[in-house]
Amino acid sequence: VRQDGTVNILGGKKVAVVFVLGGPGSGKGTQCSNIVEHFGFTHLSAGELLRSEIKSGSENGTMIDSIIKEGKIVPSEITVKLLQEAMIKSENDKFLIDGFPRNQENRLSFENVIKISPEFVLFFDCSEEELVRRLLGRNQGRADDNIETIRKRFRVFEESSLPVVQYYDSKGKVKKAHITRKRFSIFVQSSYI
């Protein structure tokens, strides 16, 4: 139960949520896998949930596909619904939510619908040059891994997602991981996880 008396989607059970944000290709998914292995979190990737919906061939999936190919952000209500379903299905109480919230509207929608505020935001700080190098080199065959779409995605990240990071930073809820070509350095106290 939150301070305002509302009950979260898991029936008021104490739930730990960590938002994992960073530019496209910053290593969020890879590092989330490591955290899951060591700390028992359920990893929910907003991008993977959206891609699964696309693969389903649903009308929703077709619309999502068009939006992603344009380098835009999928409407909040669609992504929040997919996250909500995945959280309920997982039966866990600790979640890493990767690539979400992508903007302030996503943040508000999540907190209003799911009724959970994050413990903190794990922010992968990586230069545009390094992100482009990583994305072009990962060779996963994704339609959005081309130089034009990558640059659009980075602009959208700067304009939409960085204000979310700044919002949580103003509340003392951001832990930064500095990403470089040679190394990955992360400074997160294990007591948070």
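In which helix is Phe-154 found? Helix α7 is where to look, and the legends below will get you there step by step. Keep in mind that this is a predicted model.

**Figure 1. The whole protein chain holds seven helices and six strands.** Start with the overall view before zooming in. Reading from the N terminus, the elements follow the order β-α-β-α-α-α-β-α-β-α-α-β-β. The protein chain has 193 residues, and 45% of them are buried. Take the contacts with a separation of 6 or more: 75% of them join residues 24 or more positions apart.

**Figure 2. Helix α1 covers residues 28–39 and has a buried side.** Try a quick check with a ruler: at 1.5 Å a residue, the twelve residues of α1 should span 16 Å, and the end C-alpha atoms are indeed 16 Å apart, which agrees. The buried residues of this helix are Lys-28, Gln-31, Cys-32 and Ile-35. Around the axis they cover an arc of only 105°, so they sit on the same side of α1. Here is a handy rule: an α-helix has 3.6 residues a turn, so residues three or four places apart point the same way. Now turn to the face of α1 away from its buried side, where you will meet the exposed residues Thr-30 and Glu-37. Just after the helix comes Gly-40, with a positive phi of about 75°.

**Figure 3. The largest nonpolar core brings together 37 residues.** Which of its residues touch the most other members? They are Val-17, Phe-19, Met-87, Ile-97, Phe-100 and Phe-110. Several elements each give two or more residues to this core, including β1 (16–22), α4 (76–90), β4 (120–125) and α7 (147–170). Another core, of six residues, lies apart from it and has Ile-67, Val-74, Ile-78 and Leu-82 among its members. As background, nonpolar side chains in soluble globular proteins tend to be buried together.

**Figure 4. Helix α4 packs its buried residues against several neighbours.** The ruler works here too: 15 residues at 1.5 Å each should span 21 Å, and the end C-alpha atoms of α4 are 21 Å apart, which agrees. Among the buried residues of α4 are Ser-76, Ile-78, Leu-82, Ala-86 and Met-87. The partners they pack against are β1, β2 (42–45), α2 (46–55), α3 (59–69), β3 and α5. Look just after α4 for Glu-91, which takes a positive phi of about 60°.

**Figure 5. Helices α5 and α7 cross at roughly 55°.** Their axes come within 8 Å. The two helices are therefore oblique to each other. From α5, the contact uses Gln-104, Arg-107 and Glu-111, while α7 supplies Ser-160, Pro-163, Val-164, Tyr-167 and Tyr-168.

**Figure 6. Val-165 and Phe-154 are two buried residues of helix α7.** Val-165 has a relative accessibility of 5%, so it counts as buried. Setting aside residues up to four places away in sequence, Val-165 touches Leu-21, Phe-123 and Val-174. Its C-alpha atom is 9.5 Å from that of Gln-104, although the two residues are 61 residues apart along the chain. Phe-154 is buried too, with a relative accessible area of 8%. With the same close neighbours in sequence left out, Phe-154 touches Pro-24, Cys-126, Glu-128 and Leu-131. Of these, Glu-128 is 26 residues from Phe-154 in sequence and 7.1 Å away in space, C-alpha to C-alpha.

Methods. Residues are numbered from 1 along each chain as its sequence is written. This is a predicted model: local features need pLDDT of at least 70, side-chain atom pairs count only at pLDDT 80 or more; totals for chains, interfaces and linings use all residues. Side-chain values use heavy atoms; hydrogens and water are left out. Helices (H or I, at least four residues) and strands (E, at least two) are DSSP runs, numbered from the N terminus. The expected span of a helix is 1.5 Å times one less than its number of residues. Buried means under 20% relative accessible area, exposed over 50%, partly exposed in between (1.4 Å probe, protein chains only). The arc is that of the directions from the helix axis to the C-beta atoms. A nonpolar core is a set of buried Ala, Val, Leu, Ile, Met, Phe, Trp, Tyr and Cys residues joined through side-chain atoms within 4.5 Å. Axes are lines fitted to C-alpha atoms, for helices over the stretch in contact, and angles run from 0 to 180 degrees between N-to-C directions. Angles under 35 degrees count as roughly parallel, over 145 as roughly antiparallel, 65 to 115 as roughly perpendicular and the rest as oblique. Contact means heavy atoms within 4.5 Å.
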